[in-house]
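Work through the exercises below with the sequence and the coordinates at hand. Each task is followed by a solution in steps.

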Amino acid sequence: MTRKYRFENKVALVTGAASGIGLATARAFAAEGATVVLADVQDDAGAKAAREITASGARAVYKRLDVSSEADWDKVIAEIVKEFGGLNILVNNAGIGDTGTIEATSKATWDRVIAITQTSVFLGHKAAAAALKASGNGAVVNVSSMFGIVGGFGSSPAYHAAKGGVRLLTKSTALAWAKEGVRVNSIHPGFVETPILGETDRNMLAETTPMGRIARPEEIATGILFLASDEASFMTGAELVIDGGYTAR
């Protein structure tokens with residue numbers, strides 16, 4: 001019996017795809033039959049990941065995309081439509097964080113985090129809108145955070161503001177496109193073993209999580225694929241929390 005792939009004949013763009021959640025998501029889409037465009041500014045890592053996916057028999061390409069650049073977004077979307085005939089799925093995953101208190105956060109840090117983590121999602125929606133609508137069955141998954149819902153440790157003000165903004169931009173765009181053939185949902189990971197954690201004490205993060213551990217990137221990718229799939233066909237403007245119970249308290 002021939003296996004049925006969930007994303008066969010679909011094109012998916014994943015930002016921040018050179019590592020972490022983005023890379024796990026790109027691999028998962030490819031394994032389910034999608035043509036995957038891995039977008040990042042980490043050229044060596046991104047190109048290597050695309051080659052590895054292609055070597056497995058799937059279809060993948062790497063494209064450089066500074067998600068804070070409107071010109072980059074327009075260029076990459078145009079290239080995808082030209083090369084693959086359209087775009088079905090957009091995963092806005094790219095983002096960075098900050099760690100200080102609000103008193104210690106410079107405006108330069110604030111501006112950079114907002115640009116890469118929040119404004120990037122606005123730019124992605126805007127640039128991809130026509131292609132997603134033309135697909136007739138488009139899906140956007142925006143990677144927010146549990147810290148787009150709760151205040152966490154009272155630090156990282158730019159990250160919290162950015163992820164909270166992504167949460168509500170998701171709902172606004174979902175309503176705008178509800179009858180346009182494009183679903184827009186957000187996913188809210190807890191602590192995940194990715195480069196964004198930096199030198200943070202993993203044991204401390206695990207201890208603050210009710211399940212007693214942090215997540216693997218693949219566990220978040222599973223949720224992203226669900227929201228992008230036809231299995232979630234009546235979901236738009238929704239938020240899927242995958243946080244080991246953190247926000248349940």
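## Exercise 1: a serine between strand and helix

Ser145 lies in the loop between β5 (138-143) and α5. The model is a predicted one.

**Task.** Decide whether Ser145 is buried or exposed, and find which backbone nitrogen lies 2.9 Å from a polar atom of its side chain.

**Solution.**
1. Compute the relative accessible area of Ser145, which is 5%. Buried means under 20%, so Ser145 is buried at 5%.
2. Search around the polar atoms of the Ser145 side chain: the backbone nitrogen of Phe147 is 2.9 Å from one of them.
3. Drop the residues up to four places away in sequence and list the contacts of Ser145: Tyr159, Lys163, Ile187, His188 and Pro189.

## Exercise 2: a lysine in helix α5

**Task.** Locate Lys163 in the secondary structure, and decide whether Lys163 is buried or exposed.

**Solution.**
1. Lys163 belongs to helix α5, which covers residues 157-176.
2. Lys163 counts as buried because its relative accessibility is 3%.
3. Without the neighbours within four places in sequence, the contacts of Lys163 are Thr117, Val143, Ser144, Ser145, Phe147 and Gly148. The list includes Ser145, the residue of Exercise 1, whose own list includes Lys163.
4. For a distance check, take Ser106, which is 57 residues from Lys163 along the chain; their C-alpha atoms are 18 Å apart.

## Exercise 3: positive phi outside glycine

**Task.** Find the value of phi for Asn9 and for Ser156, then describe the surroundings of each residue.

**Solution.**
1. Recall the background: most residues other than glycine have a negative phi.
2. Asn9 has a positive phi, near 70°, and is not a glycine. Asn9 sits in the segment before β1 (11-15).
3. With a relative accessible area of 69%, Asn9 is exposed.
4. Ser156, also not a glycine, has a positive phi of about 55°. Its place is the loop between β5 and α5.
5. Ser156 is buried, since its relative accessible area is 12%.
6. Beyond four places in sequence, Ser156 touches Asp98, Thr99 and Gly100. A polar atom of the Ser156 side chain lies 2.6 Å from the backbone oxygen of Asp98.
7. From C-alpha to C-alpha, Ser156 and Asn9 are 40 Å apart, with a sequence separation of 147 residues.

## Exercise 4: an asparagine ahead of β4

**Task.** State which loop holds Asn88 and which backbone nitrogen lies 2.8 Å from a polar atom of its side chain.

**Solution.**
1. Asn88 is in the loop between α3 (70-84) and β4 (89-92).
2. Its relative accessible area is 14%, so Asn88 is buried.
3. The backbone nitrogen in question belongs to Val11, 2.8 Å from a polar atom of the Asn88 side chain.
4. Leaving out residues up to four places away, Asn88 touches Asn9, Lys10, Val11, Leu132, Ser135, Asn137, Gly138 and Ala139. Asn9, treated in Exercise 3, is among them.

## Exercise 5: a threonine in helix α1

**Task.** Determine whether Thr25 is buried or exposed, and which residues Thr25 is in contact with beyond its neighbours within four places in sequence.

**Solution.**
1. Thr25 is part of helix α1, residues 20-31.
2. Its relative accessibility is 0%, so Thr25 counts as buried.
3. The contacts are Val14, Ala221, Ile224 and Leu225.
4. The Thr25 side chain has a polar atom 2.8 Å from the backbone oxygen of Ile21.

## Exercise 6: the protein as a whole

**Task.** Find how many helices and strands the protein has, and compare the radius of gyration with that of a compact globule.

**Solution.**
1. There are 7 helices and 7 strands, in the order β-α-β-α-β-α-β-α-β-α-β-α-α-β along the sequence.
2. For 249 residues a compact globule would have a radius of gyration near 18 Å; the protein has 17 Å, so the two agree.
3. The C-alpha atoms fill a box of roughly 50 × 40 × 40 Å along the principal axes.
4. Buried residues account for 51% of the 249.
5. Take the contacts between residues at least 6 apart in sequence: 70% of these join residues at least 24 apart.
6. The side chains include 25 positive and 26 negative ones, and the centres of the two sets are 5 Å apart.

Technical notes
Residues are numbered from 1 along each chain as its sequence is written. This is a predicted model: local features need pLDDT of at least 70, side-chain atom pairs count only at pLDDT 80 or more; totals for chains, interfaces and linings use all residues. Side-chain values use heavy atoms; hydrogens and water are left out. Helices (H or I, at least four residues) and strands (E, at least two) are DSSP runs, numbered from the N terminus. The radius of gyration is taken over C-alpha atoms; the globule rule is 2.2 Å times the number of residues to the power 0.38. Buried means under 20% relative accessible area, exposed over 50%, partly exposed in between (1.4 Å probe, protein chains only). Contact means heavy atoms within 4.5 Å. Lys and Arg count as positive and Asp and Glu as negative; His and the chain ends are not counted. The place of a charge is taken as NZ of Lys, CZ of Arg, CG of Asp or CD of Glu. A polar contact is a pair of N or O atoms within 3.5 Å; within protein, one must be able to donate a hydrogen and the other to accept it, and residues adjacent in sequence count only if both atoms are side-chain atoms.
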